[in-house]
Amino acid sequence: MKIAILSRNRRLYSTRRLVEAGTERGHEVRVLDTLKCYMELSSREPIVWYKGEQLEHFDAIIPRIGASITPYGLAVIRQFEMLGTYSLTESVALGRSRDKLRALQLLSRKNVGMPISSFAHDVHNTKELIKLVGGAPVVVKLLEGTQGRGVVLAETAKAAESVIDAFRELKADFLVQEFIKEAGGADVRCLVIGKKVVAAMQRTAASGEFRSNLHRGGTAELTRLTPAERATAVKAAQIMGLNVAGVDILRSSRGPLVMEVNSSPGLEGIETASKKNVAAEIIKFIEENAAPNKNKTRGTG
């Protein structure tokens with residue numbers, strides 16, 4: 001098969017591992033810088049150009065689209081989809097997962113457990129938002145934040161009001177979520193491929209930190225999932241329409257709560273903690289599922 005990986009940096013761990021896994025399994029794998037792809041639209045047929053070269057047929061693409069280039073990345077994926085190329089991560093699914101509010105709305109509609117959240121563009125009384133999620137402490141999240149950036153824990157109502165007012169002054173869109181104290185600064189990353197969880201790790205926040213992101217100094221270790229956690233992770237990925245997803249779950253007194261569904265999960269932490277060849281599992285999934293014009297959006301929304 002001819003496989004293209006849409007990635008801005010071929011030296012990134014995840015991109016390197018996917019190239020290695022694809023090559024080891026006998027495929028021709030090429031890395032394309034997403035921002036260097038450009039599109040031609042005409043009444044004849046759509047064309048993707050790359051550094052002056054008209055790209056020939058690819059059997060599949062693996063989008064590794066960073067959050068900062070989501071709109072352009074979606075356009076590139078759509079162009080390949082118009083050509084009938086199989087996309088591991090479909091454009092509509094990627095768009096859903098990157099819109100944090102939309103993702104929460106979809107999960108809520110399907111009765112997936114998640115922290116209580118409130119959202120508003122303009123509210124006269126910030127106390128109302130705090131009250132909706134059960135009062136302080138609360139977590140305030142910028143909708144555009146990634147890797148733990150733009151996430152603030154407000155331990156008192158007064159602190160929460162100050163953070164919310166500050167975000168409003170910046171005209172930034174944000175969510176207010178309940179703080180799950182019993183999670184103890186830890187969450188579980190479930191790597192879902194197709195209809196199963198292929199690997200999982202527990203991430204624990206560094207001392208003095210409540211965000212468990214590995215980029216923030218958190219640590220990761222192998223963990224055993226309960227049947228409820230596995231089912232929740234798979235259901236969340238399917239609701240988004242994602243073939244591959246990193247589903248972040250909080251362990252709470254009322255069961256697993258989905259915190260986020262990541263459409264471009266990093267492989268380094270999960271492969272290191274689980275000792276599993278996740279990259280090879282992704283390539284195997286493509287081998288079993290890729291076909292011309294097979295893209296379709298699963299779920300509704």
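## A four-stranded sheet

Let's start with the sheet: in this predicted model, four strands form an open sheet in the order S8-S11-S9-S10, and the pairing is antiparallel. The edges belong to S8 (117-119) and S10 (151-154); each has a single partner strand, so one side of each has no neighbour in the sheet. Ignoring direction, neighbouring strands here are turned by 25 degrees against each other on average.

At the S8 edge, the partner is S11 (residues 174-178), and the two strands pair in the antiparallel sense over three bridges. Within this pairing, Ser-118 sits opposite Val-176 of S11.

## Helices across the sheet

Two helices to look at here are H4 and H6. Helix H4 (residues 100-109) lies across S8, S9 (138-142) and S11, and it runs at about 45 degrees to S11.

Helix H6 (residues 157-169) lies across S9, S10 and S11. Its direction is at about 10 degrees to that of S9.

## The cavity

Now for the empty space. Searching the whole structure turns up one cavity of 30 Å³ or more. The volume of the largest cavity comes to about 70 Å³.

What lines the largest cavity? Its lining is made up of Leu-18, Ile-62, Pro-63, Arg-64, Leu-88, Thr-89, Val-244, Ser-263, Ser-264, Pro-265 and Ile-282. Sorted by class, that gives seven nonpolar residues, three polar ones and one charged one.

Note on methods:
Residues numbered from 1 in each chain as written. Predicted model: local features only at pLDDT ≥ 70, side-chain atom pairs only at ≥ 80, totals over all residues. Heavy atoms only, no water. 1 Å grid on protein atoms, 1.4 Å probe; cavity = no way out; pocket = protein on both sides within 12 Å on 5 of 7 lines; lining within 4 Å. Points joined across faces, edges and corners; volume = space filled by probe spheres on them. Nonpolar A, V, L, I, M, F, W, Y, C, P; charged D, E, K, R; others polar. Pairing = 2+ DSSP bridges. Axes fitted to C-alpha atoms, helices over the stretch in contact; angles between N-to-C directions. Contact = heavy atoms within 4.5 Å.
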